[in-house]
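I am opening a notebook on this structure. Each entry records what I looked up and what I found.

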Amino acid sequence: MWVPLLAVCAGYFMVILDVTVINVAVPVIGRDLRTSLTGIQWITDGYTLVFAGFLLTGGALGDRLGNRRVFCWGVAVFTVSSAGCALAPDAPFLVAARLLEGLGAALIVPGSLALLQQAYPVPAERSRAFGLWGSMAGIAASAGPLLGGLLVSTVGWRWVFLINLPVGVACLLLTLRHVARSPRCAARALDWPAQCAVVAAVALLTAALNEAGRRGWTAPVVLAGVGLAAAAATAFVVRERLAASPVVPLRLLRSRAMSGGVVIGLLFNFGFYGMVFTASLEFQHQRGLSALGTGLALFPAVAMTMFASVLSGRLARRTGDRPLVVAGMLLAALGLAGWAAAGADPAYPLLVVPMMAAGFGTSFALTGSTATVMGAAPSSYSGAASALFNTARQIGSATGVALGGSLLATSTHYTTGLRTSMTLGALAYLTAAVLAWLCVPSRPRSR
């Protein structure tokens with residue numbers, strides 16, 4: 001029965017598509033709504049800030065109230081706010097609707113993994129489901145720039161948001177009809193001080209990283225944001241030690257599989273999205289490609305993610321997760337190292353194989369790292385585990401983009417910054433490979 005998988009993946013697809021599709025539309029939106037550069041930035045970054053900041057809250061709500069219920073709330077909020085974005089008369093209205101979209105996304109993503117774990121209790125089926133879930137990110141990432149460029153150039157930017165409506169309605173109907181109700185832990189109180197601390201920590205860190213890409217890493221506002229984020233994270237840890245019903249029990253983080261899997265997710269998102277961001281700037285600013293042309297140029301990297309997760313999900317039954325995660329991270333590291341070694345101004349054909357290696361390796365490792373994190377948590381904390389994993393991945397993405405932008409802006413030569421960014425991405429992948437060898441379980445899953 002694959003209908004539950006279709007329903008859950010449809011919701012996840014909307015969330016990831018909204019991250020990538022907006023990039024090619026914001027210049028046109030800014031001109032149409034006559035907004036400033038700051039307004040344009042908030043249209044993009046506001047969604048990311050709320051999404052990343054409220055992921056753990058979404059996971060905790062799912063564990064307490066039932067993951068299916070919270071997932072459906074998220075889909076409804078996301079769909080309605082997408083309609084609001086499409087009908088926005090001015091920039092402030094659009095920014096407010098984007099913030100609401102981010103909240104819907106934060107309710108969708110933790111529940112998506114928890115619902116798959118619930119719907120497919122057999123390990124082999126669960127591996128395939130996690131693989132297909134992971135491939136949704138690749139499909140959405142690859143479709144985003146192409147679809148956004150096509151819609152903006154034909155029917156207008158408002159359709160970038162209107163396409164979410166039929167997907168959201170179908171996802172909600174399929175979930176309500178074909179996904180079983182989730183168990184609830186209603187007796188577990190929501191620890192609001194801890195929730196506020198983690199929202200503040202993630203939002204401040206994400207905002208500081210976004211500003212670092214524009215202002216530089218030593219800018220006072222960036223240093224202040226990082227310092228405040230560290231203080232909020234410390235407050236969260238202290239609160240979790242004292243709370244009777246913590247959001248994420250610290251004993252889970254003492255698990256090598258849980259903590260290692262979370263860090264691996266952060267590192268491979270750092271490498272992959274840093275590569276996509278810097279490559280996008282290279283193709284548009286240095287090579288003069290259009291938004292649609294840039295999407296086509298990046299397609300070899302993101303296209304590989306479409307089936308690598310599915311393949312690793314099938315292979316995990318025979319090999320276990322560790323060899324696949326290690327192999328994927330090493331392949332991705334070779335890809336980015338190959339780009340860095342290709343020279344100052346390499347011809348595009350020389351970059352195709354490195355991009356394909358990075359895309360394939362990242363997605364190939366995603367299934368195993370996801371299964372590692374979810375397998376390390378008891379079922380009563382599946383939403384929190386999913387939220388923690390995806391929060392780490394969002395932080396990795398924001399860090400990779402911010403560092404890549406800062407290197408491009410501050411390096412003496414543009415190509416030096418680009419190659420330095422690719423080298424750091426390769427080192428992140430190598431670090432993830434070592435962690436995978438130490439932390440990811442090696443035994444194959446039973447049929």
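I began with how helices α13 and α18 run relative to each other, working from a predicted model. Their axes cross at roughly 160°. Angles over 145 degrees count as roughly antiparallel, and α13 and α18 are therefore roughly antiparallel to each other. I noted the residue ranges as well: 256-286 for α13 and 414-439 for α18.

I then looked up the distance, since two packed helices are described by the angle between their axes and the distance between the axes. The axes of α13 and α18 come within 9 Å. I recorded the crossing as left-handed. For the residues of this contact, I wrote down 20 nonpolar, 8 polar and 2 charged.

Next I turned to the nonpolar cores. The largest one has 112 residues, and the members that touch the most others are V15, I29, L94 and M275. Which helix gives this core its largest share? I found that α13 does, with 12 residues. I also looked up a second core, which is separate and has 6 residues, among them M304, A308, L324 and F364.

I went back to M275 and listed its contacts, leaving aside neighbours within four places in sequence. They are A301, L336, M355, A358 and M422.

My next entry is on T370, in helix α16, residues 348-375. Is T370 buried or exposed? Buried means under 20% relative accessible area; T370 has 0% relative accessibility, so it counts as buried. Not counting residues up to four places away in sequence, I found T370 touching L113, F130, W133 and F389.

I looked at helix α4, residues 55-65, for the same property. How many of its 11 residues are buried? I found 10, so α4 is largely enclosed by the rest of the structure. The buried residues include L55, L56, T57 and G58 at the start of my list, and I also entered G59, A60, L61, G62, D63 and L65 as buried. Just after α4 comes G66, for which I noted a positive phi of about 105°.

My last entry is on A409, which I located in helix α17, residues 382-410. At 60% relative accessibility, A409 counts as exposed, because the cut-off for exposed is over 50%. I also looked up the separation of A409 from T234. In sequence they are 175 residues apart, and in space they are 32 Å apart, C-alpha to C-alpha.

How values were computed:
Residues are numbered from 1 along each chain as its sequence is written. This is a predicted model: local features need pLDDT of at least 70, side-chain atom pairs count only at pLDDT 80 or more; totals for chains, interfaces and linings use all residues. Side-chain values use heavy atoms; hydrogens and water are left out. A nonpolar core is a set of buried Ala, Val, Leu, Ile, Met, Phe, Trp, Tyr and Cys residues joined through side-chain atoms within 4.5 Å. Buried means under 20% relative accessible area, exposed over 50%, partly exposed in between (1.4 Å probe, protein chains only). Helices (H or I, at least four residues) and strands (E, at least two) are DSSP runs, numbered from the N terminus. Contact means heavy atoms within 4.5 Å. Axes are lines fitted to C-alpha atoms, for helices over the stretch in contact, and angles run from 0 to 180 degrees between N-to-C directions. Angles under 35 degrees count as roughly parallel, over 145 as roughly antiparallel, 65 to 115 as roughly perpendicular and the rest as oblique. A crossing is left-handed if the near helix is turned anticlockwise from the far one by less than a right angle, and right-handed if clockwise. Ala, Val, Leu, Ile, Met, Phe, Trp, Tyr, Cys and Pro count as nonpolar, Asp, Glu, Lys and Arg as charged, and the others, Gly among them, as polar.
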